[in-house]
Each structure stands twice: as structure tokens, then as C-alpha cells.
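Reader: I am new to this structure and would be grateful for a close look at one part of it. Please begin with a single side chain and then proceed to the surroundings that help one to read the model.

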Amino acid sequence: MTPRRARPSVLSSSNFSMMAAIIGPPSMGVSPDRLPQGRRRLPSQLGAQTPGRSILRSWIAALAATAACLVATSAHACGPYTVGLYEYSALYYRDAQGRWTGIDKDVVDELARRSGCKLVARTESRVRIWAQIGAGQMDMTVSALMTPERELLVEFIPYIESRQYVVVRPALAGALTTPAAFLADSKRRLIVVRGYAFTPTLESWIATLRTQGRIDDAPDQPTAVRIFKAGRGDAVVLGAHSLASARRADPAFASFVAMSYAPHERSIGALALSRQRVPQQDRDRMRHAMDEMLRDGTVESIKRRHLGDLSDMP
């Protein structure tokens, strides 16, 4: 009977050579072969280090690959989100070639570039925008005035501020100097843009006029200005930027008198991000990008691009 050959030991020199190739030469200490005879390490002691190092290196490689995937995913995972824009003076308008432009469009474009979020603009009326946000059919909008009711639906990121003025006809300017004076003259009517939010003083005053049937609603700001110029209504409420743009577009508009019924109140325009449709991490991402745009003067530069050196004061 032929005797069985002994199986090579897993601790053979060839296996140690393979381990050395994987682990690499010791970075510190004395080579085991150079230790005194009584202090040489056993092969089993050397080999016991191999599985631990190998597993550790595998874990590190796996973690690095996972982190790379997460970074790549996060760079493309924000959006797409629909952004409701509405025509309103220098905020959003058509240029001489009929293309949409304006402060809000440029702000949204820069926000998308900085945040990495895909933002898809959709032109709608202000009323339809808020109806769609409430119904979960739109993700965000621009230049939104902050109210407690809206706060339930959206998170606000402020980026622009202005004042609101009551623009009246020259013949009435001497008599309609205050909200109370306007209310006292029951023949006077006011034009407002439907769905627009106002500062507290104007909001209360307009609510009273509405109960008296003295409000004419316009679907958008251009229509409100047009019907006022045509002789309908005795006054119209305009933001400072809208007033400046209207005067620049039509010098005759400067003959109308801008009354400040709430001189200490300013309207704050903000991005409004749906709490239902935009995750918190993406809202934080866009807030960070907007903070940068405000801090480095980008928003102010965009305003000057569309308003020139026009002041927000009458």
C-alpha cells in the first residue's frame, strides 16, 4: 500500500510569500529572520495577522466605494421640482424679444446652479400657483409674502424686500392721505391683484373695503396697471419695484401719486418650498445656496440688472 503524501502545510514558505505580497513589508521593527533564535516569532503568529488586516482593508475599500456612490447620488438627487413664476413687473416679464426674464427667473437659475437642484419653471397666475401648492401639484414658488396660513403649507426662504404703495390719481391725492380718509369716501374704489398678500395695515384696510364691495380684482399686475391707467378705480396697490418699473416704462405714470399708508412696514419676498413635496434636506440645500447668494451680493446684482439705479422709494 502506497503511503499517502502529507498535504502541504498552510504555513509553508510559499504561503507566507503570498501573504507578504498582500500585506507588504513590515513598516517598523526588526525582520523575524534577524531576531535571536529564542525570540523569533512562530509562523502561526505571523499568519494570524493576515485575516485581520485583509478584512480591515476590505471594509475600508467598501466604505470608500459607498461614500463615493453617496456623493455622486447626492449631487443629482435634488429635484426635479416645479417652480411657479407669475408675471409681475421687474420680477418676471417678457423682454423686447418676447422671452421671459426678470429678477425671479435669474434668482431661480442661479439657485439651481449653486444648489445642484433641478428646478423647472412654470408660468401661472398667482392664484393658480397657491391652489396647486395646496393640492400637492406644485413644489415651490417665488417672491411669496409670508403669512401664517401659507406657513402651514410651505417653508419660506426670504431674499427680497420692498414697500407697498397706494397709487392714486393726482386730483384725489390731497383728500386720500390715509386709509381712514379713503374709507370715509364711500365712492372710492381700489384695484388689487387677486391672490396678492399685503402688509398688516394694508391687509386690514383692504379687508374692510372688500366687505363694502369696493375692491376690483385684477388677475395680474400688468392688468391692474392697465385698467388703472384706463380710468377704472381710484387707486391701485403696487410694490415699490413695480411702481419704479411702471414709471420707467411709461413716463406719464409719474403723474400718479404714491401714498405710503404703512410707512414702517416692508413686504418680504421669499421662496416658498412645499413642506409636502420637497424633503427637508433639499430645503436646507436651497436655503444654504440662497444664503450664499445674499451674502456675496448676487441677489443685489440681479436686482440692479433689471431695475437699474431706480430706488424703491416714490
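Author: A polar contact is a pair of N or O atoms within 3.5 Å; within protein, one of them must be able to donate a hydrogen and the other to accept it, and residues adjacent in sequence count only if both atoms are side-chain atoms. The model shown here is predicted. With that term in hand, one may turn to Arg188, whose side chain is joined to the side chain of Asp234 by a polar contact of 3.4 Å. Arg188 is placed in the loop between helix H7 (179-184) and strand S8 (190-193). A residue is called buried when its relative accessible area is under 20%; Arg188 has 18% and is therefore buried. Apart from residues up to four places away in sequence, Arg188 touches Leu172, Leu176, Phe182, Arg214 and Asp234. Asp234 is thus both one of the residues touched by Arg188 and its partner in the polar contact.

A second loop residue, Ser89, leads from backbone geometry to the empty space in the model. Most residues other than glycine have a negative phi, and most peptide bonds are trans. In Ser89, phi is near 50 degrees, a positive value in a residue other than glycine. Ser89 sits in the loop between S1 and strand S2 (93-94), and its relative accessible area of 11% makes it buried. Strand S1 (81-85) also borders the loop that holds Pro80, whose other neighbour is helix H3 (49-74). Gly79 and Pro80 are joined by a cis peptide bond, with omega about 5 degrees.

The second largest pocket holds about 300 Å³ of space. Its lining has 14 residues, and those closest to its centre are Ser89, Gln221, Ser245, Ala246 and Ala249. Two elements give two or more residues to this lining, namely helix H9 (221-229) and helix H10 (240-249). H10 supplies five residues, the largest share of the lining.

H10 also takes part in the lining of an enclosed space. Rolling a probe the size of a water molecule over the atoms shows where empty space is left. Over the whole structure, a search finds one cavity of 30 Å³ or more, and the space in the largest cavity is about 180 Å³. Nineteen is the number of residues that line the largest cavity, and Leu91, Ser162, Tyr196, His241 and Ser267 lie nearest its centre. At least two residues of this lining come from each of strand S5 (140-145), strand S6 (154-162), H10 and strand S12 (267-274).

Strand S5 contains Ser143, a residue that is not a glycine and yet has a positive phi of about 45 degrees. Ser143 counts as buried because its relative accessibility is 6%.

Leu91, one of the residues nearest the centre of the largest cavity, can be followed to Thr101. These two residues are ten apart along the chain, and their C-alpha atoms are separated by 8.1 Å. Thr101 is found in strand S3 (residues 100-101) and counts as buried at 15% relative accessibility. Setting aside neighbours within four places in sequence, Thr101 is in contact with Leu91, Tyr92, Tyr93, Asp95, Asp106 and His306.

Two helices complete the account. In helix H5 (residues 126-134), the buried residues include Arg126, Ile129, Trp130, Gln132 and Ile133. Seen down the axis of H5, its buried residues fall within an arc of 160 degrees, so they line one face of the helix. H5 is followed by Gly136, with a positive phi near 75 degrees.

Helix H11 (residues 280-295) has 16 residues and spans 22 Å from its first C-alpha to its last, close to the 22 Å expected at 1.5 Å a residue. Its buried residues are Asp282, Arg283, Met286, Ala289, Met290 and Met293. The arc that they cover around the axis is only 125 degrees, and therefore they lie on the same side of H11. Gln281 and Arg295 are exposed on the other side of H11. After H11 comes Gly297, whose phi is positive, near 85 degrees.

Definitions and conventions. Residues numbered from 1 in each chain as written. Predicted model: local features only at pLDDT ≥ 70, side-chain atom pairs only at ≥ 80, totals over all residues. Heavy atoms only, no water. Helix = DSSP H or I, 4+ residues; strand = E, 2+ residues; numbered from the N terminus. Buried < 20%, exposed > 50% of the residue type's maximum accessible area, 1.4 Å probe, protein only. Contact = heavy atoms within 4.5 Å. Expected span 1.5 Å × (residues − 1). Arc of directions from axis to C-beta. 1 Å grid on protein atoms, 1.4 Å probe; cavity = no way out; pocket = protein on both sides within 12 Å on 5 of 7 lines; lining within 4 Å. Points joined across faces, edges and corners; volume = space filled by probe spheres on them.
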